[in-house]
Amino acid sequence: MTVRRTLIGTLAVGLLAAAAALVPIGSAAEAAERTPGELPFGSATTVGLHNTYDPAAFGYLAQGLDTGTGMIELDAWPNAITKEWKVSHSNPLGNGNNCVSATTASQLYSGSGNKNLDTCLDDVRVWLAAHPAAGPLVIKLELKPGFSGNLGMGPAQLDAVIAAHLGSAALRPADLLAKPGGGSYPSLDEAARAGNWPTRSALAGRVLVYVIPGTVELDNPFDTLHTDVEYGRYLRDLAAAGRIGEARMFPTALGAAAGDPRTRYSETSIRPWFVVFDGDAAAYVNGIDTSWYDTNHYLLTMTDAHNVAPAISGTDPTADQARARTEQLARAHASIVSSDWRKLPAVQSLVLPRG
């Protein structure tokens with residue numbers, strides 16, 4: 001009898017856990033009644049840190065993660081000679097960052113920095129292993145000059161780096177496509193609009209990496225194939241070949257715009273592979289209907305949150321100011337509120353209902 005009760009209890013716990021991972025998305029009022037862990041990933045608002053890799057921001061990348069932030073940002077440069085992705089703000093040939101060669105949690109706060117992207121991802125993986133209840137974490141990856149696919153530094157090669165250094169922690173496009181009862185949605189757009197995001201608790205310890213075009217790439221008149229289009233094509237083609245499971249990142253439509261920003265892409269076949277959007281917070285709240293993103297469960301990062309009128313400090317606002325701004329942008333349907341509020345862990349760790 002004792003064994004039977006134990007088995008029944010185990011089955012009940014498993015069924016409850018499965019149900020919790022697939023909470024249907026309802027109204028904002030219903031979302032407000034849920035705990036942060038019960039919120040579907042696409043129905044929550046968190047706070048992010050701009051240029052988290054910068055040694056001026058944190059002595060060690062792990063210290064940025066310690067704030068409880070929902071997003072970190074890394075800037076990467078492909079080096080076709082060494083076949084490394086360098087991480088720095090402005091040095092295309094070298095590293096300038098706070099990533100260290102850690103294999104244990106205690107080593108995250110010692111040693112020299114200035115390592116490549118492999119090591120930065122290792123630091124994230126080691127930190128998450130030491131904080132299994134943390135996350136989900138978003139990594140915003142800016143490819144400063146874009147991919148260099150013609151030199152062996154294209155989407156497939158970057159995906160291989162993420163697979164090798166984040167492993168099963170990486171939330172893949174294929175994971176969003178997978179239907180709970182079996183089978184899969186034909187595109188990320190359909191999966192997102194169906195509300196297929198798992199709950200935050202189901203994604204504890206996981207990392208979603210999204211990639212954006214870099215400032216150098218966007219300013220280069222000779223670069224006619226930008227990161228968003230290149231990775232969008234890559235996803236489309238992998239899906240057509242039945243190999244979508246190889247992808248490790250989500251492409252991003254960059255820049256605040258009214259309506260559906262994906263209409264800028266002349267290749268209509270890549271549009272359904274964009275469910276992540278990123279742009280200036282002040283532009284979004286100045287006349288753009290952002291409820292469209294929330295209704296369709298797309299992820300929306302609002303950057304430079306401090307510049308929304310009335311402007312507050314980008315680095316040292318009061319906790320009340322930063323929290324009020326986060327609440328304001330959560331109501332404006334942001335998924336991630338991004339700024340440089342490095343000294344406010346109580347704000348960085350906020351998880352609010354979206355909308």
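Is Gly 287 buried or exposed?

1. Gly 287 is exposed, because its relative accessible area is 71% and the cut-off for that class is over 50%. The structure under discussion is a predicted model, and this residue is a convenient place to begin reading it. Gly 287 lies in the loop between α10 (281–285) and α11 (291–295). Its C-alpha atom is separated by 8.1 Å from that of Ala 258, although the two residues are 29 apart along the chain.

2. Strand β4, which spans residues 137–143, presents the opposite situation to an exposed residue: seven of its seven residues are buried. Both faces of the strand are covered. On one side are Leu 137, Ile 139, Leu 141 and Leu 143, and on the other are Val 138, Lys 140 and Glu 142. The student should note that Lys 140 and Glu 142 are among the buried residues here.

3. The neighbours of β4 in the pairing of strands deserve attention next. Strand β2 (residues 71–79) runs parallel to β4, and six bridges join the two. Within this pairing, Ala 76 has Leu 143 of β4 as its bridge partner. Strand β5 (residues 207–213) also pairs with β4 in the parallel sense, over seven bridges. Here Val 138 is matched with Leu 208 of β5.

4. Helix α4 covers residues 117–130 and contains 14 residues. From its first C-alpha to its last it reaches 20 Å, which is close to the 20 Å expected at 1.5 Å a residue. At the start of the helix, a side-chain oxygen of Asn 116 comes to within 3.2 Å of the backbone nitrogen of Asp 118.

5. Helix α4 is mostly covered, with ten of its 14 residues buried. Among them are Leu 117, Cys 120, Asp 122, Asp 123 and Trp 127. The elements covering the buried residues of α4 include the strands β2, β4 and β5 described above, as well as β3 (84–87) and the helices α3 (61–66) and α5 (155–166).

6. The final point concerns the disulfide count, which comes to one. Cys 99 is joined to Cys 120, with a sulfur-to-sulfur distance of 2.0 Å. This pair links distant parts of the chain: Cys 99 is in the loop between β3 and α4, Cys 120 is in helix α4, and the two are 21 residues apart. The disulfide is right-handed, because the torsion about its S-S bond is about 100 degrees. Both Cys 99 and Cys 120 are buried.

Note on methods:
Residues are numbered from 1 along each chain as its sequence is written. This is a predicted model: local features need pLDDT of at least 70, side-chain atom pairs count only at pLDDT 80 or more; totals for chains, interfaces and linings use all residues. Side-chain values use heavy atoms; hydrogens and water are left out. Buried means under 20% relative accessible area, exposed over 50%, partly exposed in between (1.4 Å probe, protein chains only). Helices (H or I, at least four residues) and strands (E, at least two) are DSSP runs, numbered from the N terminus. Two strands pair if DSSP finds at least two bridges between them. The expected span of a helix is 1.5 Å times one less than its number of residues. Contact means heavy atoms within 4.5 Å. A polar contact is a pair of N or O atoms within 3.5 Å; within protein, one must be able to donate a hydrogen and the other to accept it, and residues adjacent in sequence count only if both atoms are side-chain atoms. A disulfide is a pair of cysteine sulfur atoms within 2.5 Å.
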